[in-house]
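Here are my notes for anyone opening this entry for the first time. Keep the viewer open while you read, and follow the points in order.

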Amino acid sequence: MKRYIGLEDMSHINCASVLRVIQSSGGISRKQISDITGLSWGGMTKIVNKLMEHEYIVEEKNGAFAGNGRTPGLLRVNTKKHLAAGADINHTGLRAWVTDFSGGLRKMYFRENHFGNREELLENILSFFEMIFQDDKNEEIQAVGIAMQGRVDSEKGISIHFPECENWCDVPLVSILKERFHTEIYLEHDPDCMLFFEMESMDAENVILLRIDQSIGMAVALGGAILRGTGILELPHSIVIPGGKLCKCGLRGCLEAYIAPCMQDGKIQKQALEEMVSPLAVAIYNLICMFHAEAVILTGDLMKYHGMFEGRLLLELHKMQKDTRTAIRFSEDTETAVKGAALIAARQAVNAIRL
Ligand SMILES: [Zn+2]
């Protein structure tokens, strides 16, 4: 590892930070960039010119001041060049979004995901990526973020376990895909991608996200940063009702024992839903205390039916936490994982630019 940051590294860092500012602005003047980044006018101009030369940004002429001579306009991300992609790999389907660096959607893809074993699942993933990379203009994709179901080691790029695929064990997905497609790949646990996307539009620092379908996936942001670590935040087999319903893990009263029966073959089970509300409220309450959460987002397939239990859940929570004001939000958007993955890819691609 390098011990010192040289001048050249500084210039990379500055290029990335100027592009980040432009990326999150939607249109910004040179003066504003200089104010936000603290770079000198000369330094900033040099970087802006470099970014323009490499087609990362474009200048939009300001019509209102069009007069004689050259009037500097607003700088924006170039939406015609440099793409990023997000992919959502889950046991029912494969989804992808190709976006520009500002997050604008270029194209979306979806395929069902039927597999019986590791080989078939890997083949599905590879042929899905093949289709995307062979599609028109997609050779401009510079980074891919993957929202992966199951257990994931993000740092090592390994998919440890995948639901309903027994011999899928410690698959080095990042290196397999990198070798085949020669692009940067970032592997993330799917609830983390969902939370990353939701945090973009939230004014909160401590946020919990629960993805509830047949089981429960969880992500947590503390102080605005998403907690990372393999094997942490494993909520499904936390006990919410001592001596309660028998769980498939052999214990009694796990949260999953109450969640799993709510949807059977895609149909909602009213009785199971009734029995699930109180244990879920206990779990949410405990999490709010543990992480001092300002907001809890509930998402996943079960939230299509939130109207059937929302009132009771909020009432149970209110009984437990009279004095606090944690916002509870129900999100029915089924594409936040893929959107978050694309956003992560775009951010990482910007951080990695070397000009
Ligand atoms: Zn269990």
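The points below go from the whole chain down to single strands and residue pairs.

1. Before anything else, keep in mind that this is a predicted model. The chain contains 10 helices and 17 strands, so expect plenty of both when you switch on the cartoon view.

2. On overall dimensions, the C-alpha atoms fill a box of roughly 75 × 50 × 45 Å along the principal axes. For 355 residues, a compact globule would have a radius of gyration near 20 Å, and the chain's 23 Å agrees with that. Buried residues account for 36% of the 355 residues. Looking at contacts with a separation of 6 or more, 61% of them link residues 24 or more positions apart.

3. The chain splits into three parts: domain 1 (7-77), domain 2 (83-194 + 336-351) and domain 3 (204-330). Note that domain 2 is written as two segments, 83-194 and 336-351, with the residues of domain 3, 204-330, numbered in between.

4. How do domain 1 and domain 2 meet? Their centres, taken over C-alpha atoms, are 31 Å apart. The contact is made by 5 residues from domain 1 and 5 residues from domain 2. On the domain 1 side, helix α1 (residues 7-23) gives the largest share, 4 residues. By class, that side of domain 1 has 3 nonpolar residues, 1 polar and 1 charged.

5. Now find the open sheet of 3 strands, ordered β7-β8-β9 and paired antiparallel. Its edge strands are β7 (151-153) and β9 (165-171), each of which pairs on one side only. From one strand to the next, the twist averages 15 degrees. β7 pairs with β8 (residues 158-162) over 3 bridges in the antiparallel sense, and within this pair Arg151 stands opposite His161 of β8. Helix α4 (residues 118-134) packs on the sheet, where it touches β8 and β9. The direction of α4 makes about 65 degrees with that of β9.

6. Helix α6 (residues 190-200) deserves a stop. Is it buried or exposed? Of its 11 residues, 10 are buried, so α6 is largely enclosed by the rest of the structure. The buried set includes Asp190, Asp192 and Glu198, along with Pro191, Cys193, Met194, Leu195, Phe196, Phe197 and Met199.

7. The other sheet to look at is an open one with 5 strands, in the order β13-β12-β11-β16-β17 and with mixed pairing. Here the edges are β13 (225-226) and β17 (327-330), and each pairs on one side only. As background, strands of a sheet pair through backbone hydrogen bonds, either parallel or antiparallel.

8. Strand β11 (residues 207-212) is mostly covered, with 6 of its 6 residues buried. Val207, Leu209 and Arg211 point one way, while Ile208, Leu210 and Ile212 point the other. Arg211 is worth clicking on, as it is among those buried residues. The two-way pattern fits a general rule: in a regular strand the side chains alternate between the two faces of the sheet.

9. Which strands does β11 pair with? On the antiparallel side of things, β11 pairs with β12 (residues 216-222) over 6 bridges, and a hairpin joins β11 to β12 through 3 residues. Within this pair, Gly217 in β12 is the bridge partner of Arg211. With β16 (residues 295-299), β11 pairs in the parallel sense over 5 bridges. There, Val207 stands opposite Ala295 and Leu209 opposite Ile297.

10. β16 is covered as well: 5 of its 5 residues are buried, so this strand is largely enclosed by the rest of the structure. On one side are Ala295, Ile297 and Thr299, on the other Val296 and Leu298. β16 also pairs with β17 in the parallel sense, over 4 bridges. In that pairing, Ala295 stands opposite Ala327 in β17, and Ala295 also faces Val207 of β11 across the other pairing.

How values were computed:
Residues numbered from 1 in each chain as written. Predicted model: local features only at pLDDT ≥ 70, side-chain atom pairs only at ≥ 80, totals over all residues. Domains from an automatic or database assignment. Contact = placed C-beta atoms within 7 Å. Helix = DSSP H or I, 4+ residues; strand = E, 2+ residues; numbered from the N terminus. Nonpolar A, V, L, I, M, F, W, Y, C, P; charged D, E, K, R; others polar. Buried ≥ 20, exposed ≤ 12 C-beta atoms within 10 Å, placed from the backbone. Pairing = 2+ DSSP bridges. Axes fitted to C-alpha atoms, helices over the stretch in contact; angles between N-to-C directions. Rg over C-alpha atoms; globule rule 2.2 N^0.38 Å.
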